[in-house]
Amino acid sequence: MKLHIIALSLFCSSLLIAQTEKPYVSEVWVGDNGDGTYKNPIIYSDYSDPDVVRVGDDYYMTASSFNATPGLPILHSKDMVNWKLINHALPLQVPLDTFNIPQHGNGVWAPAIRYHKGEIYIYWGDPDFGIYMVKTKDPYGKWDEPVLVMEGKGLIDACPLFDDNGDAYLVHAYAGSRAGVKSLLSVNKMNTEGTKVLDPGIHVFDGHENHPTVEGSKFYKRNGYYYIFAPAGGVATGWQLVLRSKNIYGPYEEKVVLEQGKTDINGPHQGAWVDTSNGESWFYHFQDVGPVGRIVHLQPMTWENDWPVMGKDLDGNGIGEPVMTHTKPNVGKTYPIETPVETDDFTGFNIGLQWQWSANNNVVWHAKLPGNDYLRLFSIKVPENEPNLWMVPNLLLQKFPAPDFTAETKIILQPEEAESGKTAGLIIMGMDYATLSISHDEKGFFIKQTEAINAIKGSEEKVNDQKRIKTNSAYFKVEVSGPDSTCQFYYSENGKKFRKIGKAFKAREGKWIGAKVGLFSVSTQEAKRGGYADIDYFNITK
């Protein structure tokens, strides 16, 4: 009760404002079945390595954001199934100079979110710089500046534990690509504020023999046991391991508690144990589904002999397997269906929280003026000698929202003084990418459908189809469907009759992330400065 009162006093004003808004409900994926049950995944989007904390009767989720900014998404829920994206804890990636250019696959890895003494903390490992922390008293507001808790290469997947006696500890894993070793978990002691480690650390688990690539560590304490929840066996094929000990430095007993078994849910692991206010236990994890990324599942969880039991043991081997549907958590009340926002009509003061850039945002990339019901993207020159858009920082992207969806937008191109060289369009972005764009030359305006296969390796962008149009505006649409996320582009000059253009493209994931859909506005190096594109809307529909 005391915790609940503190939480209400801290977050009351923010929550009251948030709850007056009409809930957004996706047309393409809803986890709540509307009958007291839910289906997995509860979020069919790339919220990789999810972690969740309860604060009173409110639940907050964060996830890996890698190089994208703003980073560290903050989602809120009242019932553990319906989630709203409310903020980002990291407006810009640090160090700033490093992340002012795209750093695909680097940055924020596997964060842990915790509540301690009236504040929410998030710890994460940056494989190139070390373990950082940010905190706040108001998850809807501005978060504190990042603190480098532990400097070093290859330190990842960090999680704090604030012990009953006031001591603070940190568990973490190692990235073999930087540290030269992996499959190890270590524990460090921190100062009581949780802002600095105090020792070199002690290895508490070695997974080389039976649990290779053990990582994603999460720290808990229950009934006198210290628990480390940690996935092993690889992202797409692994299992959930739980370690326990009466001593924080071990020795730790081990038990596999969740595996794919005979289900279709591959690699079920790396997530969060969360309890409700009435004592129910639940476990969040992800599933890697290729182009869409790592999507979020929720599993029922109980305890037997002080070991967690997740999902259902379908084959009787003592290890749980994921469920596809289940009764919703009992939180004492029914809440409206809600999903993370996808569509943006650009009528607000800012662009929607669903949008992220490929590097730290530069103020000259876009304008969203009060009262204007469109987004203006300025024609930013592509970095010199880049053969494609892979290293372009000013791509405005959002996660795939479902396995099947349609994205539609209207773009008006204003080249200003340039005779050629300005291009704006719709993009499906990953290690391969495809675009549908409007451009111009001395003869007028045209649209083109392009692709860059192996863009990550520097391949040139190839034009698949090109059409002349009468004006400087066009309507673009891409339909994404099927298990391999096949994308087909369409265009229209009046917004009513759409024509197929180019060829089908199979979306490909990015570096440690799913493919993304979004917008871009660029210029060649040779073109005169200036130019912009106005985006009327960006709709996600069935």
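What is the volume of the largest pocket? In this predicted model, where residues are numbered from 1 along each chain as its sequence is written, local features need pLDDT of at least 70, side-chain atom pairs count only at pLDDT 80 or more, and totals for chains, interfaces and linings use all residues. Side-chain values use heavy atoms, with hydrogens and water left out.

The largest pocket has a volume of about 890 Å³. A pocket here is an open set of points on a 1 Å grid over the protein atoms alone where a 1.4 Å probe fits, with protein on both sides within 12 Å along at least five of seven lines; lining residues have an atom within 4 Å of a point. The volume is the space filled by probe spheres set on the points, which are joined across faces, edges and corners. Of the 26 lining residues, Val53, Arg114, Tyr115, His116 and Phe162 are the closest to the centre. Two or more residues come from each of α1 (2-19), β2 (51-55), β6 (109-116), β10 (155-162), β14 (218-222) and β18 (269-275); β6 gives the most, with four. These elements are DSSP runs numbered from the N terminus (helices H or I, at least four residues; strands E, at least two).

Turning to the interior, the largest nonpolar core has 45 residues, of which Phe400, Ile428, Phe476 and Phe538 touch the most other members. A second, separate core of 32 residues includes Tyr47, Val52, Trp307 and Met310. Such a core is a set of buried Ala, Val, Leu, Ile, Met, Phe, Trp, Tyr and Cys residues joined through side-chain atoms within 4.5 Å, where buried means under 20% relative accessible area (1.4 Å probe, protein chains only).

Aromatic contacts add to this picture, with a count of 21 aromatic pairs; rings of Phe, Tyr and Trp (its six-membered ring) pair if their centres lie within 6.5 Å, and planes over 60 degrees apart count as edge-to-face. Trp355 and Phe538 form one edge-to-face pair, at 4.9 Å centre to centre and 75 degrees between the planes. Trp355 lies in the loop between β22 (325-327) and β23 (356-357) and Phe538 in strand β37 (residues 532-541), so the pair ties together parts 183 residues apart in sequence. Trp355 is buried at 2% relative accessibility, and Phe538 is buried at 0%. The rings of Phe400 and Phe405 are also edge-to-face, with centres 5.0 Å apart and planes at 75 degrees; both residues are buried. Elsewhere, ring pairs link Tyr220, Tyr225, Tyr227, Phe229, Trp273, Phe283 and Trp303 into a cluster.

How values were computed
Buried < 20%, exposed > 50% of the residue type's maximum accessible area, 1.4 Å probe, protein only. Phe/Tyr/Trp six-rings, centres within 6.5 Å; stacked < 30°, edge-to-face > 60°.
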